[in-house]
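How is the interior of a protein chain built up from its helices and strands? The following paragraphs approach that matter through one buried residue, the nonpolar cores and one pair of helices.

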Amino acid sequence: RRLKELACHDPLSGLRNRRGFEQALAEEVERIRRYGSSASVILVDIDDFKRVNERHGHDVGDEMIQAVGHRLEALARNTDIVGRIGGDEFMVLAVETTMENGLQLAERIRESFQEALGDVAGGELYVSISCGVAAVTPTRIELKDLVADASDGLAIAKGLGKNTVSTSRVSTS
């Protein structure tokens, strides 16, 4: 049981890792196919994270990863799945959510980071995030495809000056 947990969870953040997120996504896609519901994914990236590691060290970077993960879990609904899919990238699987609702949730998440993360390395640390949002559909079921779709939106958000939410079609700030 412990090995299974380690295989599906990120040891730093305690969130699902890429593998655990893929399993949750597969279950959600099956539900979408069966019941015709909808979902969206939100790719969350910490703006200028590399600078945090360079300026404050990797220990502070690790604390920031943990704090961001906790904040994302607190903002997600009980039915949503939050995972750290690599580096400073997180993903939220928002179940029973249209693309419009996914964009609204992503904007709420982005706005919440206007407040300090809390006590990180003995002081308040502020970060901003950018988000890319993609729809989960019965034909778009692979995590790599959804990450690619959300990454397109994320690239647009970063290109607009960061601290923004976008899809490859629609942008909000």
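A residue counts as buried when its relative accessible area is under 20%, and as exposed when that value is over 50%. The model discussed here is predicted. Within it, Val-92 belongs to strand 3. Because its relative accessibility is 1%, Val-92 counts as buried. Apart from neighbours within four places in sequence, Val-92 is in contact with Phe-21, Ser-40, Val-41, Ile-42, Asp-80, Ile-81, Val-82, Leu-105 and Ile-109. One of these partners, Leu-105, is 13 residues from Val-92 in sequence, and the two C-alpha atoms lie 9.7 Å apart.

Another partner of Val-92, Ile-42, leads to the nonpolar core. In soluble globular proteins, nonpolar side chains tend to be buried together. The largest nonpolar core of this model comprises 30 residues, and Ile-42 and Met-64 have the most contacts inside it. At least two residues of this core come from each of strand 1 (39-46), helix 3 (49-56), helix 4 (58-75), strand 3 (89-95), helix 5 (99-112) and strand 6 (129-136). Helix 4 provides the largest share, with six residues. A second core, separate from this one, has 20 residues, including Ile-85, Val-95, Ala-150 and Leu-154. The contacts of Ile-42, again leaving aside neighbours within four places in sequence, are with Phe-90, Met-91, Val-92, Gly-102, Leu-105, Ala-106, Ile-109, Cys-131, Gly-132 and Val-133.

Helix 3 can be examined by its two sides. Its buried residues are Phe-49, Val-52 and Asn-53. Viewed down the axis of helix 3, these residues fall within an arc of 95°, so they line one face of the helix. An α-helix has 3.6 residues a turn, so residues three or four places apart point the same way. Strand 1 and helix 4 are among the elements that cover the buried residues of helix 3. On the other side of the helix, Lys-50, Glu-54 and Arg-55 are exposed. Gly-57, just after helix 3, adopts a positive phi of about 95°.

How, then, do helix 3 and helix 4 pack, and at what angle? Their axes are 7 Å apart and form an angle of about 140°, which means that helix 3 is oblique to helix 4. Helix 3 contributes Phe-49, Val-52, Asn-53 and His-56 to the contact, while helix 4 contributes His-58, Val-60, Gly-61, Met-64 and Ile-65. Of the residues in this contact, five are nonpolar, four are polar and none is charged.

Terms used. Residues numbered from 1 in each chain as written. Predicted model: local features only at pLDDT ≥ 70, side-chain atom pairs only at ≥ 80, totals over all residues. Heavy atoms only, no water. Core = buried A, V, L, I, M, F, W, Y, C linked by side-chain atoms within 4.5 Å. Buried < 20%, exposed > 50% of the residue type's maximum accessible area, 1.4 Å probe, protein only. Helix = DSSP H or I, 4+ residues; strand = E, 2+ residues; numbered from the N terminus. Contact = heavy atoms within 4.5 Å. Axes fitted to C-alpha atoms, helices over the stretch in contact; angles between N-to-C directions. Parallel < 35°, antiparallel > 145°, perpendicular 65-115°, else oblique. Nonpolar A, V, L, I, M, F, W, Y, C, P; charged D, E, K, R; others polar. Arc of directions from axis to C-beta.
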